[in-house]
Structure formats: C-alpha cells, structure tokens
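The following exercises ask you to read a fold from its coordinates, one step at a time. Please work through each task before turning to its solution.

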Amino acid sequence: MPEKPKPRRQEQEDARREVTEIAPNILRMELPIRMPGLGHVNMYALIDDEGAAVVDPGLPTKDSWIAVNDRLKQAGLKPKDVHTVLVTHSHPDHFGGANRFRKESGAEVVAHQSFKFGVMEASDETDVSVDDLSASENDETHRQVVDRWNHRTPWGGQPPRPPFKMRMRWRMARWIGGGMIPQITKPVNAGDPLRLAGREWFVTHTPGHTEDHICFHCPEEGLFLSGDHVLPTITPHISGLAFHKDPLLQFFESLDQVAAIENVDQALPAHGHPFPDLGGRAIAIKEHHYDRLDTMKRIGRELGPANVQAFSQNLFKKRSWGEMAESETFAHLEHLRHTGDAEMHRDDEGFLIYELG
Ligand SMILES: [Zn+2]
Ligand SMILES: [Zn+2]
C-alpha cells in the first residue's frame with residue numbers, strides 16, 4: 001500500500017496521542033482539527049497544586065472532547081481538575097472546549113476583555129459608500145462602516161459569511177444548552193499577571209490575526225505561549241474585515257512588540273512544534289508580508305487600476321481563491337493606501353478599485 005505522503009508543514013500534522021512535557025508541569029496535548037492548512041491544535045496544560053489550567057482547549061466537537069479526556073487522563077487528570085481555561089483568541093479551534101470545562105468543573109475562563117466571536121449578520125442597510133471608507137480614519141467610524149455591510153463585502157465581493165451549513169450548525173449550537181461561545185469570566189488586559197503552573201505569567205495583547213488575540217509570557221522561565229500570533233512555519237490569516245482601519249499595520253506592531261521581548265527561550269505555538277527563536281520568527285513573518293506588499297505593487301503595475309478580486313487572483317494560487325484570500329488581499333491593499341502607495345475609488349458597479357504606484 002502506498003504510504004500516506006508526509007504533510008509539508010508541521011502545522012498540518014495530524015494530532016498525536018502522545019503528551020509531551022515542554023518544561024516542568026507544562027504539557028503539550030494535540031487535539032484534532034480539520035481546517036485549511038491545519039491538522040491539530042495544541043492545548044497546553046499548566047499543572048499546579050490545585051489541578052491544572054489549559055490553554056486553547058480545541059473545537060466544540062465530540063471528537064475533540066474525547067481527545068481532551070484521553071490526553072488529560074495520560075497526565076493523571078480529569079476535566080473536573082481543570083480550574084482555568086485560557087483562550088488566546090476568538091476562533092472556534094481555540095475556545096471551543098471552554099464551555100464544556102465550565103460545565104464539568106466551573107472553570108474560570110480567561111480571555112482578552114475585547115473577546116468577541118463575530119458571525120457576520122446581515123443588517124438592513126445595503127451599501128458602504130467610498131466616502132464612508134475614505135472618511136474612516138478613526139477606528140470608531142471604521143467599526144460603523146464595517147458593521148453596516150450587508151449583501152457585499154466592503155470591496156464589492158460576495159458577502160463575507162460562512163457556508164450556510166456551518167451557520168446553521170452554529171445557530172443550533174447556540175440554541176442547545178447555551179451554545180459554544182464561552183462566557184469570559186475573567187477578562188484580562190495587557191500586562192495583567194496570572195499565576196500558572198506555579199509561575200508568574202503576564203498577558204501580552206497582540207492584535208492582528210484577531211483584535212482580541214493575547215499571548216502569555218513567563219519571564220522567569222523564558223516561555224511564551226504565542227497562540228496563532230507567531231507560528232513556526234506558516235503565517236496567520238490577516239483579515240481585511242477588521243475594525244482597525246489598517247489591520248496589517250496592527251499585526252506588524254504586534255510582531256515588533258513580541259520581537260522586542262528579551263530572554264524567550266521557547267515559544268509555544270497553538271499549531272506546530274515549540275520553537276526557540278521567537279524574535280527571529282516574528283521578524284521573518286513581517287518580512288514575508290513586506291514581500292507580499294512588493295508583489296502586490298508589481299501586480300498593480302501589470303494590472304493598472306483593478307478590483308480586489310483581480311489583485312487576489314494574481315496574488316494567490318487558484319486553489320486558495322475565495323473570500324479569505326480576498327479579505328487578506330484587501331488588508332494588504334488598505335495598508336498600501338494608508339502608506340500612500342495606493343489610491344482607491346469605488347466604480348459604478350460598487351467595486352473598490354485600487355491603483356498602485
Ligand atoms: Zn486563529
Ligand atoms: Zn488557530
């Protein structure tokens with residue numbers, strides 16, 4: 001029988017049953033997920049005298065919960081021993097198990113104070129005018145503009161909504177027993193201290209991949225729980241559908257912030273293996289995006305004035321075409337607009353047209 005080809009990237013590897021000890025009282029447990037480019041999510045268990053805290057307890061699915069129980073059992077733990085759930089950001093593969101823990105043990109749920117899982121709901125208004133978008137030089141106006149889209153994306157594409165089946169599933173999940181979106185019992189902010197695994201940790205707010213993304217830093221031991229902000233071999237999705245007027249700039253600032261942290265010996269990402277050079281990796285991710293911006297400028301010279309879809313289909317391979325690619329393209333084009341490298345207007349059909357250089 002032909003052997004299954006090895007995944008190209010470590011983030012794509014299937015979840016292993018094996019529990020690995022990263023540092024004393026800190027365990028890596030891999031939970032299954034099936035998402036584009038991802039095969040597992042790491043749930044870290046931080047053990048102390050009272051039981052354990054877990055970071056990012058996986059999807060709200062039965063399979064994931066079975067894996068959670070299996071991994072905890074290997075460490076001599078049960079769900080009722082988990083007193084705290086830490087959530088790095090508002091994506092279902094990270095917060096999905098939180099409510100289940102809350103039910104089993106009454107666990108405290110820690111996330112950033114701005115934690116919000118936004119499934120886009122259609123509003124009554126139908127259009128966002130180019131004037132609105134150009135005028136949105138402060139975050140609050142931009143928030144209102146983004147909140148108002150309905151049938152189309154701000155750049156004139158199809159609505160940014162998850163597939164119908166998935167929306168129904170979410171609606172059902174919300175309906176049955178309080179739903180999967182956790183109630184955050186302990187909202188935190190940048191700099192807040194937390195005692196975990198018998199050590200002092202500090203919250204780092206790293207908006208970019210999502211507005212509410214946080215990391216946890218333990219200076220004493222040189223450990224850094226990096227969530228999706230800094231991953232070992234892939235770059236996280238940066239959506240143009242953010243409340244910040246320039247989400248890519250926000251992501252760059254969060255990468256700089258992390259790169260400036262001294263004495264990190266080990267980064268513990270949400271996908272892939274722990275890695276040593278957090279600062280180096282943060283800078284490499286930034287460089288990747290600068291390369292993309294250069295590519296975008298080259299595409300702009302070739303295309304002339306063009307809409308987001310056209311830029312996106314030149315920037316991404318065909319298998320990636322779609323909403324996510326367009327949203328990331330939009331983030332890059334808006335960044336170029338804010339740095340003065342692009343001009344934008346809306347055409348008669350409602351599409352945003354960008355002109356570069
Ligand atoms: Zn994420
Ligand atoms: Zn993730």
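Angles between helix axes from 65 to 115 degrees count as roughly perpendicular. The model used here is a predicted one.

**Exercise 1. Determine how α8 and α10 are oriented towards each other, and which residues form their contact.**

Solution. Two packed helices are described by the angle between their axes and the distance between the axes. Begin with these two values: the axes of α8 (residues 278-303) and α10 (residues 323-338) come within 10 Å and cross at roughly 80 degrees. This angle falls in the range given above, and α8 and α10 are therefore roughly perpendicular to each other. Next, list the residues that meet: α8 contributes R292, L293 and M296, while α10 contributes H332, L333, H335 and L336. Sorted by class, the contact of α8 with α10 consists of four nonpolar, two polar and one charged residues.

**Exercise 2. Describe the seven-stranded open sheet and the helices that pack on it.**

Solution. The first step is the strand order, which in this open sheet runs β1-β2-β3-β4-β5-β6-β7, with mixed pairing. The edges are formed by β1 (20-23) and β7 (186-188), each of which pairs on one side only. Neighbouring strands of the sheet are turned against each other by 30 degrees on average, if direction is ignored. Then take one pair in detail: β2 (residues 26-35) and β3 (residues 38-48) run antiparallel and are joined by eight bridges, and within this pair I26 has L46 in β3 as its bridge partner. Now add the helices, of which α1 packs on the sheet by touching β2 and β3, its direction making about 165 degrees with that of β2. Helix α3 likewise packs on the sheet, touching β5 and β6, and its direction makes about 160 degrees with that of β5.

**Exercise 3. State which residues of α3 are buried, what covers them, and what follows the helix.**

Solution. In α3 (residues 98-105), the buried residues are A98, N99, R100 and F101. The elements that cover the buried residues of α3 include α1 (62-74), β5 (82-86), α2 (92-95) and β6 (108-112). After α3 comes G106, which has a positive phi near 70 degrees.

**Exercise 4. Are D56 and N263, each with a positive phi, buried or exposed?**

Solution. Most residues other than glycine have a negative phi. Against this background, D56 has a positive phi of about 55 degrees although it is not a glycine, and N263, also a residue other than glycine, has a positive phi near 60 degrees. Locate each residue before judging its surroundings: D56 is placed in the loop between β4 (51-55) and α1, whereas N263 lies in the loop between α7 (247-259) and β12 (266-269). Then count neighbours: D56 has 26 other C-beta atoms within 10 Å and is therefore buried, while N263 has 10 C-beta neighbours inside 10 Å and so counts as exposed. A further positive phi can be found in the hairpin of β8 and β9, where two residues lie between the strands and A197 takes a value near 50 degrees. The two strands of that hairpin, β8 (residues 193-196) and β9 (residues 199-205), run antiparallel and are joined by four bridges, with P193 facing F202 of β9 as its bridge partner.

**Exercise 5. Characterise the surroundings of G272, which lies in the loop between β12 and α8.**

Solution. Start from the neighbour count: G272 has 20 C-beta neighbours inside 10 Å, and therefore counts as buried. Leaving aside neighbours within four places in sequence, the contacts of G272 are with Q10, E11, L231, P232 and T233. Finally, compare sequence with space: G272 and G39 are 233 residues apart along the chain, yet their C-alpha atoms are separated by 9.1 Å.

**Exercise 6. Summarise the chain as a whole, and identify stretches where the pLDDT is below 50.**

Solution. The secondary structure comes to ten helices and 15 strands, and 43% of the 357 residues count as buried. Among contacts with a separation of 6 or more, residues 24 or more positions apart account for 64%. For confidence, the average pLDDT of the chain is 86, and 82% of the residues score at least 70. The pLDDT is below 50 over residues 147-151, a stretch with eleven contacts in the model beyond near neighbours in sequence. Residues 172-178 also have a pLDDT below 50, and beyond near neighbours in sequence this stretch has five contacts in the model.

Note on methods
Residues are numbered from 1 along each chain as its sequence is written. Chains are lettered from A and ligands numbered from 1 in the order in which they are written. This is a predicted model: local features need pLDDT of at least 70, side-chain atom pairs count only at pLDDT 80 or more; totals for chains, interfaces and linings use all residues. A residue is buried if 20 or more other C-beta atoms lie within 10 Å of its own, exposed if 12 or fewer, and partly exposed in between; C-beta atoms are placed from the backbone. Two residues are in contact if their C-beta atoms, placed from the backbone, lie within 7 Å. Two strands pair if DSSP finds at least two bridges between them. Axes are lines fitted to C-alpha atoms, for helices over the stretch in contact, and angles run from 0 to 180 degrees between N-to-C directions. Angles under 35 degrees count as roughly parallel, over 145 as roughly antiparallel, 65 to 115 as roughly perpendicular and the rest as oblique. Ala, Val, Leu, Ile, Met, Phe, Trp, Tyr, Cys and Pro count as nonpolar, Asp, Glu, Lys and Arg as charged, and the others, Gly among them, as polar. pLDDT is the predictor's confidence in each residue, from 0 to 100.
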